[in-house]
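Visitor: Please take one stretch of this model and go through it closely, residue by residue where that helps. After that, set it against the rest of the chain.

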Amino acid sequence: MAQSGNPSASGGTIVERMTSLTKAAQFYWWLGHVTMLSCGILYYVKRPFGSEGANWYYPKALLGALVSYAIVVYKTYGPPQANLAFAHRLIVDENVEYLLLALYWYSSRPIFVTLVPFVVFSLFHVLTYARSVLIPTVFPNITDEIERARRAEQQQINVPALSRPARVSKFLGDWSTEYYSPALREVGVWEVAVICVWVSVGALTFQTPFVAPLVYFQFLRMRYALSAPTRAAFRRVRASLDKALTPPTASTNVPGVVTDSYIRVRDVLIKMGDSIMNPNTRQQQRQQN
């Protein structure tokens with residue numbers, strides 16, 4: 001959700017500022033991410049000790065994600081409209097894609113690996129909101145304090161000592177800036193390599209619903225078409241598998257049938273990816289046939 005300015009940090013008592021904060025939809029967007037983050041972490045902490053206790057947290061985490069994404073979508077597009085243009089705008093929005101995916105995971109039985117991307121997203125959203133909204137609401141002067149310190153650092157003069165809230169805010173900002181992009185890259189690989197394989201194998205072994213791979217493949221199809229980071233994640237996974245399974249870098253212990261099978265599957269997926277990015281190619285092939 002786009003970060004808005006903090007309207008409550010300019011004046012009034014702390015109670016008045018916090019009350020004003022709770023009147024904004026962004027506050028409840030943040031609470032949804034807090035729910036996703038806390039329940040997601042508790043799910044993974046408790047899962048090794050048994051699924052019964054852990055599974056209680058799984059739908060609660062996804063409910064938090066649903067609230068957050070629904071608020072973003074509503075704030076962006078407003079009430080639903082019965083026309084194709086509106087539907088197209090929704091389909092190509094990544095927030096809608098993750099909203100629908102979260103809704104499917106919420107309606108199905110828990111699948112162990114599926115919460116990881118949502119937990120990572122929520123972590124950065126929670127920290128960003130805390131830094132840019134919550135802390136300035138409680139400590140209204142820290143924004144100017146941090147700005148003065150930044151200007152002093154740029155001018156290479158003595159940097160004034162920051163208060164503890166300002167140091168916390170600066171640390172959260174620096175940490176998020178440093179790790180946000182790498183985290184998103186790893187999430188992309190997780191979505192492509194881990195979740196995709198997990199739900200596919202699970203469906204074949206009757207551990208996950210048979211429809212799960214179909215739903216998830218459609219999600220990945222949309223992400224591949226619309227998201228450069230997702231396409232980059234596919235390339236990373238392909239490069240790793242090529243190195244491990246194809247000559248000359250593959251181990252001699254890899255059976256030839258494994259290499260041949262991988263190459264056939266890889267080439268089919270490459271053609272599928274090309275057809276997604278170039279739909280005219282598929283149409284031309286049909287006309288030729």
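**A loop residue and its surroundings**

Guide: T246 has a relative accessibility of 10% and therefore counts as buried, the limit for that class being under 20%. The model is a predicted one, and every value here is computed from it. T246 sits in the loop between α11 and α12, the latter helix covering residues 256–277. With neighbours within four places in sequence left aside, the contacts of T246 are L241, T259, Y262, I263 and R266. Helix α11 spans residues 228–245.

The same loop between α11 and α12 also holds P248. The peptide bond that leads from P247 into P248 is cis, and its omega is near 0°.

Helix α11 takes part in an aromatic pair, and the search that found it covers the whole structure and returns 23 such pairs. A pair of aromatic rings is described by two quantities, the distance of the centres and the angle of the planes. One of the pairs is formed by W56 and Y57, with ring centres 5.1 Å apart and planes at 85°, so the arrangement is edge-to-face. W56 has a relative accessible area of 49% and is therefore partly exposed, whereas Y57, at 17%, counts as buried. The pair that involves α11 is Y224 with F234: the centres lie 5.3 Å apart and the planes meet at 85°, so this pair is edge-to-face too. Y224 belongs to helix α10 (residues 211–226) and F234 to helix α11, and the pair links distant parts of the chain, the two residues being 10 apart. Y224 has a relative accessible area of 18% and is buried; F234, at 29%, is partly exposed.

W56 has a further partner besides Y57. K60 lies over the face of the W56 ring, 4.2 Å from the ring centre. A cutoff is needed to read that value: NZ of a lysine has to be within 6 Å of the ring centre and within 35 degrees of the ring normal.

Rings also gather in a group. One aromatic cluster is formed by Y69, Y98, Y104, W105, F118, F121, Y216 and F219.

Next, the surface. L63, V67, L100, L103 and Y106 make a nonpolar surface patch of about 430 Å². The elements that supply two or more residues to this patch are α4 (57–77) and α6 (94–107). Helix α6 contributes the most, with 3 residues. L103 lies in helix α6 and has a relative accessibility of 44%, so it counts as partly exposed.

Two single residues elsewhere deserve a note. F206 is not a glycine, yet its phi is positive, at about 65°. F206 is placed in the loop between α9 (164–204) and α10. With a relative accessible area of 71%, F206 is exposed, the class that begins over 50%. S132 is in helix α7, which covers residues 116–138, and at 24% relative accessibility S132 counts as partly exposed. The C-alpha atom of S132 is separated by 21 Å from that of A152, a residue 20 places away along the chain.

Now the rest of the chain, as asked. The protein contains 13 helices and 0 strands, and its pattern along the sequence reads α-α-α-α-α-α-α-α-α-α-α-α-α. Taken along the principal axes, the box filled by the C-alpha atoms is roughly 70 × 50 × 50 Å. The protein has 289 residues, and buried residues make up 38% of them; T246 is one of the buried residues. The accessible surface comes to about 17,300 Å², with 62% of it belonging to carbon and sulfur atoms. Of the contacts between residues at least 6 apart in sequence, 67% join residues at least 24 apart.

To return to the starting point: T246 is a buried residue in a loop between two helices, α11 and α12, and a cis peptide bond connects P247 to P248. Helix α11 is tied to helix α10 by the pair of Y224 and F234.

How values were computed. Residues numbered from 1 in each chain as written. Predicted model: local features only at pLDDT ≥ 70, side-chain atom pairs only at ≥ 80, totals over all residues. Heavy atoms only, no water. Patch = residues over 30% accessible without salt bridge, like charges linked within 9 Å, V, L, I, M, F, W, Y side chains within 5 Å. Areas by Shrake-Rupley, 256 points an atom, 1.4 Å probe, with all protein chains shown as cover. Salt bridge = Lys/Arg side-chain N within 4 Å of Asp/Glu carboxyl O. Helix = DSSP H or I, 4+ residues; strand = E, 2+ residues; numbered from the N terminus. Buried < 20%, exposed > 50% of the residue type's maximum accessible area, 1.4 Å probe, protein only. Phe/Tyr/Trp six-rings, centres within 6.5 Å; stacked < 30°, edge-to-face > 60°. Contact = heavy atoms within 4.5 Å.
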